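Biologist: I am new to this structure and would love some help finding my way around. Could you take me on a close look at its salt bridges?

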Amino acid sequence: MATQATLELPFRPDAHLTEVMRQRAQSLQQRGGKRQDGERLLRPHEAIYRLDFSQQALRFAHWGVRLARSGRLTVTATSQLWTPDLTHLMNRQLLEPAGVFWRAESDGDDTPVHHYEADAQEFGERIAEMAKVRKTMYFLLAFEEGVGPDAVECSISFQVDQK
């Protein structure tokens, strides 16, 4: 009989990839260049994060997002077709729906982070599906309305079947 185990994976910043993408945007800006048609440049309030899957047979369980202060976090997945070491990020490689999580200024410390439940559920299920074919997945995290990377903890949990 199979037993259920839970696997929690933290979103980890990819500082090198974020820096490479920032340099690309700066370089284009400094020399007055144009981005490739459909290219998605990194904005100042965004960073690249990654999930590294130790197992592939996963079913989405829940999100673990904590915001230490008011603000908004948007988590957008990139498609498996994006190979960051070979190509620039294109708009068509950003997947929908995104996970949007926020905390209002009026929320108490014990108030759970708000999110669009249906989108977050669908997004989590989509990540679980992509984990079947990817060992690493990249995400664009946008920190807005006063929250920054220092005030965010973000993870995703999955059910794992063990035989």
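Modeller: Gladly; here is a short orientation, followed by a walk through some of the salt bridges.

Please keep in mind that this is a predicted model. The protein contains 2 helices and 9 strands, and reading from the N terminus the order is β-β-α-β-β-β-β-β-α-β-β. Its C-alpha trace spans about 60 × 40 × 25 Å along the principal axes. The radius of gyration is 17 Å, which agrees with the value near 15 Å for a compact globule of 163 residues. Of those 163 residues, 44% count as buried. Among contacts with a separation of 6 or more, 81% are between residues 24 or more positions apart.

Now to the charges. The protein has 20 positive and 23 negative charges, and their mean positions lie 8 Å apart. In total, the structure holds 10 salt bridges.

Let us begin with Asp14 and Arg50, whose side chains meet in a salt bridge with an N to O distance of 3.4 Å. This pair links distant parts of the chain, 36 residues apart: Asp14 sits in the loop between strand S2 (12-13) and helix H1 (15-30), while Arg50 belongs to strand S3. Asp14 counts as buried because its relative accessibility is 12%, under the 20% cut-off. Arg50, with a relative accessible area of 22%, is partly exposed.

A second pair is Glu46 and Arg43, with their closest N and O atoms 3.5 Å apart. Glu46 is buried, at a relative accessible area of only 3%, whereas Arg43 counts as partly exposed at 41%.

Our third stop is Arg69 with Asp150, a salt bridge in which the closest N and O atoms are 3.3 Å apart. Arg69 lies in the loop between S4 and strand S5 (71-77), and Asp150 in the loop between strand S8 (136-144) and strand S9 (152-162), so the pair ties together parts that are 81 residues apart in sequence. Here Arg69 is partly exposed, with a relative accessible area of 36%, and Asp150 counts as exposed at 66% relative accessibility.

Finally, return to Asp14 and Arg50: salt bridges that share partners join these two residues and Asp52 into one network. When you explore the model yourself, strand S3 (46-52) is a helpful place to start, since Arg50 is in that strand.

Notes: Residues numbered from 1 in each chain as written. Predicted model: local features only at pLDDT ≥ 70, side-chain atom pairs only at ≥ 80, totals over all residues. Heavy atoms only, no water. Helix = DSSP H or I, 4+ residues; strand = E, 2+ residues; numbered from the N terminus. Rg over C-alpha atoms; globule rule 2.2 N^0.38 Å. Buried < 20%, exposed > 50% of the residue type's maximum accessible area, 1.4 Å probe, protein only. Contact = heavy atoms within 4.5 Å. Lys, Arg positive; Asp, Glu negative; His and termini not counted. Charge placed at Lys NZ, Arg CZ, Asp CG, Glu CD. Salt bridge = Lys/Arg side-chain N within 4 Å of Asp/Glu carboxyl O.
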